[in-house]
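Morning, everyone. I have one structure to take you through today, and I'll keep it brisk. Please have a look at it first.

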Amino acid sequence: MSRTGLLVWSYCLILASVNVVHVLSSTVLPGIGVNWGTMASNPLPRNIVVNMLKDNGIAKVKLFDSDSPTLKALAGTGIEVMVGIPNNQMYIVAGDIEDAEAWVKENITAYLHNGGVDIKYVAVGNEPFLSSYNNTYDNITFPALQNVQKALDKAGVGDKIKATVALNADVYESLSEKPSGGDFRKDVKDIMIQIIKFLHQNKAPFVVNIYPFLSLYQNAGFPFDYAFFDGGKTISDKNVSYSNVFDANYDTLVWTLKKNGVGDLKIIIGEVGWPTDGNFNANDKLAKKFYDGLLKKLVAKQGTPLRPGELELYLFSLIDENQKSIEPGHFERHWGLFYYDGKPKFPIDLSGKGNDKMLIAAKGVQYMSPRWCVLNEENKNLSMIADEISYACSSADCTSLGYGSSCNKMDINGNVSYAFNMYFQMQDQGDYACNFNGLAMMVKTNASRGNCLFPLQLVGAGERLELAYGVSIIAGLMLAFFSLM
């Protein structure tokens, strides 16, 4: 082979290696999936996330929409998918059945070709009956559910793909505070009975989000150990003993379904997890404690007292999202097993065997230039600092500065620098974004302090396109040059 041919052959091998199909490299308990949300300023590229899923052996994913580029990235991977219809889009499918059929054609059946996407569920709405929504979605959720399932049936895929509703555990309650007292919340009981009967009729699951962390967060007197799986407080209910709130919550639902005529309805946990920042009980140590207990329970196939056996669930969540609403609490942006850039947070064994190691990080992540925006400590005119911090944090994620959070122990200069840098990075490092009335300056030395990470922004989609275009031009020129040798 000539030197030119060898070089071209080698180059082609390099290009081919970029697109090599991954083999699932680790064992994950069959019932485990993950939630993949994308509410971030510069989310990781979809292909990088999909490769990260495959590298870690994660074979099930729950989405919050039906984003076309995401589904295309999942095509051919064999990863099982639950797609979603956001609450504010349910009206599209809740009216005329023809609109639901069009939605199914565009968002479901278009991806079911050979080498396509393994779609198993469509979640119609996401926690649409939250008390805080003030009944906004009460009148459209059930019609939307009906129409989507009918459209799936008409398309000939209704036996394989089921429509359901992703519900918060607040749709049921127990006035006795014991599982046996469970029943649907009075204001949504009529709707919920319609929904569960429809799900049962169509062999679709009841999807519910259960958060022991929120039980601890929302109730000052809540027993700390009861949020985890390693013993402590117990409650007795009709000769059944409960040592953790997860089991108690789940069985409250079991009682609720039984009382309303569908005691054998399949249950899937749509979201369960533990945040790692934004609250004094949200950190890596407690998240690991929670997940270790949960995984041990899953591998033992314990189920719950009323539903022993295997559990099916989706961990919440895969990656931190720095643009989620913080109305429930600052922790909302820190639920990920991975940081915003795809780096794992703590050792975990998703096989449940206790062989803890760090998950495999995202590969090929591109960061912006290594520069940070910090307080210019030589500027003695500090009268504007309060206003400037308020301005920075109104447009950036400062949740790690809160009480008990990872950056809470810095001095005032550190707090100011953190706020300035978060704004600067959120503005894609624009020079204009590091001024703050002359109080800030840019540095090229990592400004992180102790356990407090001063993050670098990820390269945005537009910039990635420009980089790829530039690389392709360079590669073309190289090939042209070598062909002349």
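**Pocket, barrel, cavity**

Let me start with the second largest pocket. Its lining draws at least three residues from each of domain 1 (32–358) and domain 2 (372–461). One caution before I go on: this is a predicted model.

How much space lies in that pocket? About 870 Å³. It is lined by 47 residues. The closest to the pocket's centre are D277, H334, Y339, S400 and S406. What is the lining made of? It divides into 21 nonpolar, 17 polar and 9 charged residues. Helix α12, residues 412–426, gives the largest share of that lining, with 4 residues.

Next, the barrel. How many strands close into it? There are 8. Going round, the order is β1-β2-β3-β4-β5-β8-β11-β12. The pairing is parallel. From one strand to the next, the twist averages 25°.

Let me zoom in on one stretch of that barrel. β3 and β4 pair in the parallel sense, over 6 bridges. One residue to find here is E80, whose bridge partner in β4 is D118. Helix α6, residues 138–154, packs on the sheet at this place. Helix α6 touches β3, β4 and β5 (162–168). The direction of α6 makes about 155° with that of β5.

Step along to β4 and β5. They run parallel, and 4 bridges join them. Which residue of β5 is the bridge partner of A123? T164.

Further round, there is another helix to look at. Helix α9, residues 245–259, lies across β8 (206–209) and β11 (267–272). Helix α9 runs at about 140° to β11.

Now the enclosed space. Rolling a probe the size of a water molecule over the atoms shows where empty space is left. How many cavities of 30 Å³ or more does the structure hold? The count is 1. The volume of the largest cavity is about 40 Å³.

Who lines the largest cavity? Here is the list: K62, L63, F64, G84, I85, P86, A123, G125, N126 and A166. You have met A123 already, as the bridge partner of T164. By class, this lining has 6 nonpolar, 3 polar and 1 charged residues. Which strands supply it? β2 (60–63), β3 (80–85) and β4 (118–126) each give at least two residues. The largest share, 3 residues, comes from β4. So keep β4 in view for a moment.

Between β4 and α6 there is a loop, and E127 is found in it. What is the phi of E127? It is near 50°, a positive value in a residue other than glycine.

Here is a second backbone detail. The peptide bond from F316 to S317 is cis, with omega near 0°. S317 lies in the loop between β12 (313–315) and β13 (372–375).

Last stop: D183. D183 lies in strand β7, residues 182–184. What does D183 touch, leaving aside its neighbours within four places in sequence? The contacts are V171, Y172, E173, K189, T256 and N260. Look at K258 too. Along the chain, D183 and K258 are 75 residues apart. Their C-alpha atoms are separated by 9.3 Å.

To recap, three things to take to your screens. The second largest pocket draws on domain 1 and domain 2. The barrel closes with 8 strands in parallel pairing. The largest cavity takes the largest share of its lining from β4. Thanks, over to you.

Technical notes. Residues numbered from 1 in each chain as written. Predicted model: local features only at pLDDT ≥ 70, side-chain atom pairs only at ≥ 80, totals over all residues. Heavy atoms only, no water. 1 Å grid on protein atoms, 1.4 Å probe; cavity = no way out; pocket = protein on both sides within 12 Å on 5 of 7 lines; lining within 4 Å. Points joined across faces, edges and corners; volume = space filled by probe spheres on them. Nonpolar A, V, L, I, M, F, W, Y, C, P; charged D, E, K, R; others polar. Domains from an automatic or database assignment. Pairing = 2+ DSSP bridges. Axes fitted to C-alpha atoms, helices over the stretch in contact; angles between N-to-C directions. Contact = heavy atoms within 4.5 Å.
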